[in-house]
Amino acid sequence: MLKKLMLGVLGLVVLVVGIILVRTFTYGGSPVGGRVDLPATPDISAESAAEHLAEAIRFKTVTLSGGDPRPGQEGAWLALQDWLVVTYPAAHAAMTRETVPGTLTLLYTWKGSDPSLKPLLLMAHQDVVPVNIGTEGDWTGAPFAGEIIDGYVYGRGAIDDKGNLVGLMEAAEGLAASGFQPQRTVMFMFGHDEEVLGSGAQAGVALLKSRGIEPEMALDEGFMVIDPSPITGKSMAFVGVSEKGYITLKLTVVAAGGHSSQPPRNSADVALARAIVALDENQMPADFSKPPVSELFLASGQDMPFMQRMALANLWLFQGAVEASMANVPAGNAMIRTTTAPTMLSGSAKENVLPQRAMAMVNFRIHPNDTPESVMAHAKEVTKDIEGLEIEIGGDGISSPASPVSPTDNRAYAVLASVAAEVGNGAPVAPALVIGATDSRHAAAITSNIYRFAPALMSPEDLTGFHGTNERISVENMARLSKGYAQIILGMDGPDS
């Protein structure tokens, strides 16, 4: 009897091991979405594109808060817009340009020959974030000097987002100068305040909606090709198919206050601290079963180290370990769940006075699996036993859900994936979740095909320049951007076959 039992257990172990190995070796390999043959593009000078970006950086279009630029402070935006006209004459001769009413957001229209085709909407933004006071001397090239040093264009906006704006205009200029006439209308929208509220792009989308315009695709900043990717350690391209939503909850505890020499056991600060700890220790649930996370891992599976691929191929057994591992890396944790981030605290105005009112702001970046309502319900549930705690929406009441997940089985994604694979020299391409916010979130009002990708190849070191010191982009990447955007315009032109 014991021998039969041991043989049975051994057989079960062999079966389980066999299942694990089969699933591991067959995991991934097939690309997500289709691919297309990319058309030839006009020659575009990398050096000229880089110099034009350097010139664009010198316009200090800095936004600090909603409503910027304030009346009378629009000079840098207007100068940048005048510069575009002078720098890209062929593009401006081919397209019409208008300013979205009440904003400094630009809307270009390159009218196609076939009005039955839905237009292509390509987006970028004119504004940039400020440079932290006192860090200007830490830059290799001065933040707003637009210097080209050792093959890189340095300056605020080089990556975010004037590099993309210039790349789009270089593509338009090259195509227009070559005599290209689109069948599908091409539209460019350059928001003026993406770094604060994005009200310009929101107004621009509302204008398009009022005209009955439904783009075939909207494309904005977001991901690019990363070499090496933190997921595989090799080159890998990411196309953003969704971006996270946003809500800030205000936690408030009211208490009697008084002198710190006679503190109660559960003061307002202590109760508030318990609430913050409860939210931190009880995170929103992770989910690996739905796009874009499921497709991201599947697309990158063949390039993963064996043990990592085995774990992801067998989540039925290893999901707990995978979730724990990803949760320890901020970027990984942000990819798989709604994140919880206490950001602001206030209490007493003096060190020996107990607060009568303690307050905390907790910011949540909402995963597509969740909603603002489910975040609020979660916060109330995990803190329900904390006496005197009140929870309401903070941050001026701003709340937005995650954007819908765009499809990967259409022509738009196939074109982007093909361009991405070429930029990455055959690197795998994966749909992914953008954890920040872009102007493209507003485009959900007029299209379900929204993507976030720039045809550039970046190293992890390059990416540290986003909103940081030594923001830069290589001259070579300016060639990739210009060519890649031209390929996207050409690849999307004409009716679907």
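# Exercises on a predicted model

In β5, Tyr154 is the bridge partner of Glu147. That pair comes from a predicted model, and the first exercise starts from it.

## Exercise 1: a three-stranded sheet

Work out the strand order around this pair, and find which strands stand at the edges.

Solution.

- Step 1. Start with the two strands: β4 and β5 (residues 152-154) pair in the antiparallel sense, over 3 bridges.
- Step 2. Now bring in the rest of the sheet. It's an open one of 3 strands, ordered β4-β5-β18, with antiparallel pairing.
- Step 3. Look at the ends of that order. β4 (147-149) and β18 (472-474) are the edge strands; each has a single partner strand, so one side of each is left without a neighbour in the sheet.
- Step 4. Check the twist: from one strand to the next it averages 30 degrees.
- Step 5. See what lies across the strands. Helix α2 (residues 46-57) lies across β4, β5 and β18, at about 10 degrees to β5. α15 also lies across β4, β5 and β18, and runs at about 75 degrees to β18.

## Exercise 2: a strand and its two faces

Take strand β6 (residues 186-191) and decide how enclosed it is. Then sort its residues by the way they point.

Solution.

- Step 1. Use the burial cut-off, under 20% relative accessible area. By that test 6 of the 6 residues of β6 are buried, so the strand is largely enclosed by the rest of the structure.
- Step 2. Recall the general pattern: side chains in a regular strand alternate between the two faces of the sheet.
- Step 3. Apply it here. Val186, Phe188 and Phe190 point one way from β6, while Met187, Met189 and Gly191 point the other way, and all are buried.
- Step 4. Find the partners. Strand β2 (residues 106-110) runs antiparallel to β6 and is joined to it by 5 bridges; Leu107 has Met189 as its bridge partner in β6. Strand β3 (residues 120-125) runs parallel to β6, with 6 bridges, and there His125 is partnered by Gly191.
- Step 5. Follow Phe188 outwards. Leaving out residues up to four places away in sequence, Phe188 touches Met95, Leu106, Leu107, Tyr108, Leu122, Leu168, Met169, Ala172 and Ile489.

## Exercise 3: a helix in the core

Which residues touch the most other members of the largest nonpolar core, and how many of the core's residues come from α13?

Solution.

- Step 1. The largest nonpolar core has 94 residues, and Met169 and Phe188 touch the most other members.
- Step 2. α13 supplies the largest share of this core, 9 residues.
- Step 3. Turn to the helix. α13 (residues 411-423) spans 18 Å from first C-alpha to last, close to the 18 Å expected for its 13 residues.
- Step 4. Count the burial: 11 of the 13 residues of α13 are buried, so this helix is largely enclosed by the rest of the structure. Among them are Tyr413, Leu416 and Val423.
- Step 5. Ask what does the enclosing. The buried residues of α13 pack against β7 (217-226), β8 (236-243), β16 (429-434), β17 (450-458) and α15 (475-491).

## Exercise 4: a loop asparagine

Is Asn314 buried or exposed, and which residues is it in contact with?

Solution.

- Step 1. Place Asn314 in the loop between α9 (306-313) and α10 (315-327).
- Step 2. Its relative accessible area is 0%, so Asn314 is buried.
- Step 3. The Asn314 side chain makes a polar contact with the side chain of Trp316, at 3.0 Å.
- Step 4. Setting aside neighbours within four places in sequence, Asn314 is in contact with Ile19, Ile20, Arg23 and Thr24.

Definitions and conventions:
Residues numbered from 1 in each chain as written. Predicted model: local features only at pLDDT ≥ 70, side-chain atom pairs only at ≥ 80, totals over all residues. Heavy atoms only, no water. Helix = DSSP H or I, 4+ residues; strand = E, 2+ residues; numbered from the N terminus. Expected span 1.5 Å × (residues − 1). Buried < 20%, exposed > 50% of the residue type's maximum accessible area, 1.4 Å probe, protein only. Contact = heavy atoms within 4.5 Å. Core = buried A, V, L, I, M, F, W, Y, C linked by side-chain atoms within 4.5 Å. Polar contact = N/O pair within 3.5 Å; in protein donor to acceptor, adjacent residues only side chain to side chain. Pairing = 2+ DSSP bridges. Axes fitted to C-alpha atoms, helices over the stretch in contact; angles between N-to-C directions.
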